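Trainee: I'd like a close look at one part of this structure, the metal site. Could you walk me through it and then through what surrounds it?

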Amino acid sequence: MSEWRTVWQVTIKFADSARYADTAVGRGYNRREITVETAIQLRKVVEWARANPQVTGFPYRRVRERVGEEPQHCRHGHGYDGGSAVRARHDWTDCICGGHFAYVCRWTDCDDIRIDPPAYDDCDTTEATLVAKARRLQWPP
Ligand SMILES: [Zn+2]
Ligand SMILES: [Zn+2]
């Protein structure tokens, strides 16, 4: 089961790309992407950037990362990676939490649909709605 984690992505912009190039990404880069997981870490990065005269800007934005195990088999034990005939079909639904996949099992006579990441209380949608949507794809009218 996976979940969405919210992180911050900070772009540190440097004034002099030649002198302050990030050796990890090679010369010529005048920016560096940093990902932080907590507001405390973000504050440290921002304070460091403000105090650094070579930094000309540090725009940051919140992004979502999907972390954790993706489902490998349906709830009846059918593997999702057994070739195209039995591979699960994925259905995607946008949601305030980041979105949800529906894994539609394609084994004969199996109608299992798993939702991952699971729907939470504050989601735009419910698992029942997601399953119903995926089921319509599984058996078109
Ligand atoms: Zn199945
Ligand atoms: Zn959601």
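**A close look at the zinc site**

Mentor: Let's get our bearings before zooming in. The chain holds 2 helices and 7 strands, and reading along the sequence you get β-β-α-β-β-β-β-β-α. Keep in mind that this is a predicted model. Of the chain's 141 residues, 35% count as buried. If you take the contacts with a separation of 6 or more, 59% of them are between residues 24 or more positions apart.

Now the metal. The zinc ion (ligand 1) takes its protein donors from four residues: C74, C105 and C110 each offer SG, while H78 offers ND1. These donors lie 2.0 to 2.3 Å from the ion. How are the 4 donor atoms arranged around the zinc ion? The site is tetrahedral, with angles of 104 to 116° among those atoms. Along the sequence, the spacing of the donor residues reads C-x3-H-x26-C-x4-C. That x26 stretch is the bit to look at: H78 sits in the loop between strand 4 (60-68) and strand 5 (89-93), whereas C105 sits in the loop between strand 6 (100-104) and strand 7 (113-116), so the pair ties together parts that are 27 residues apart in sequence. Both H78 and C105 are buried.

Stay in that second loop for a moment, since D112 is worth a stop. D112 is also placed between strand 6 and strand 7. Is D112 buried or exposed? Its relative accessible area is 6%, and buried means under 20%, so D112 counts as buried. The D112 side chain makes a polar contact of 2.9 Å with the side chain of R75. Setting aside neighbours within four places in sequence, D112 touches C74, R75, H76, Y80, Y103, V104 and C105. Two residues in that list, C74 and C105, are also zinc donors.

Next, the strands that go with these loops. Strands 5, 6 and 7 form an open sheet in the order 5-6-7, with antiparallel pairing. Strand 5 and strand 7 are at the edges with a single partner strand each, so one side of each has no neighbour in the sheet. On average, neighbouring strands here are turned by 25° against each other, direction ignored. Between strand 5 and strand 6 there are 5 bridges, in the antiparallel sense, and T93 stands opposite H100 of strand 6.

Strand 4, which comes before the H78 loop, leads us to another set of pairings. Strand 1 (residues 2-14) pairs with strand 4 in the antiparallel sense over 9 bridges; Q9, for instance, has R61 in strand 4 as its bridge partner. Strand 1 also pairs with strand 2 (residues 31-36), again antiparallel, over 6 bridges, and there T11 faces E33. Then there's strand 3 (residues 55-57), which pairs with strand 1 in the antiparallel sense over 2 bridges, with F14 opposite V55.

One last stop, past strand 7. A128 is part of helix 2 (residues 127-138). With a relative accessibility of 60%, A128 counts as exposed, because the cut-off for that is over 50%. The C-alpha atoms of A128 and I115 are 9.4 Å apart, and the two residues are separated by 13 positions along the chain.

Key:
Residues numbered from 1 in each chain as written. Chains lettered and ligands numbered in written order. Predicted model: local features only at pLDDT ≥ 70, side-chain atom pairs only at ≥ 80, totals over all residues. Heavy atoms only, no water. Donors = N, O, S within 2.8 Å, 3.2 Å for Na, K, Ca; no water. Tetrahedral: all angles 85-135°; square planar, octahedral: opposite > 155°, others 65-115°. Helix = DSSP H or I, 4+ residues; strand = E, 2+ residues; numbered from the N terminus. Buried < 20%, exposed > 50% of the residue type's maximum accessible area, 1.4 Å probe, protein only. Pairing = 2+ DSSP bridges. Axes fitted to C-alpha atoms, helices over the stretch in contact; angles between N-to-C directions. Polar contact = N/O pair within 3.5 Å; in protein donor to acceptor, adjacent residues only side chain to side chain. Contact = heavy atoms within 4.5 Å.
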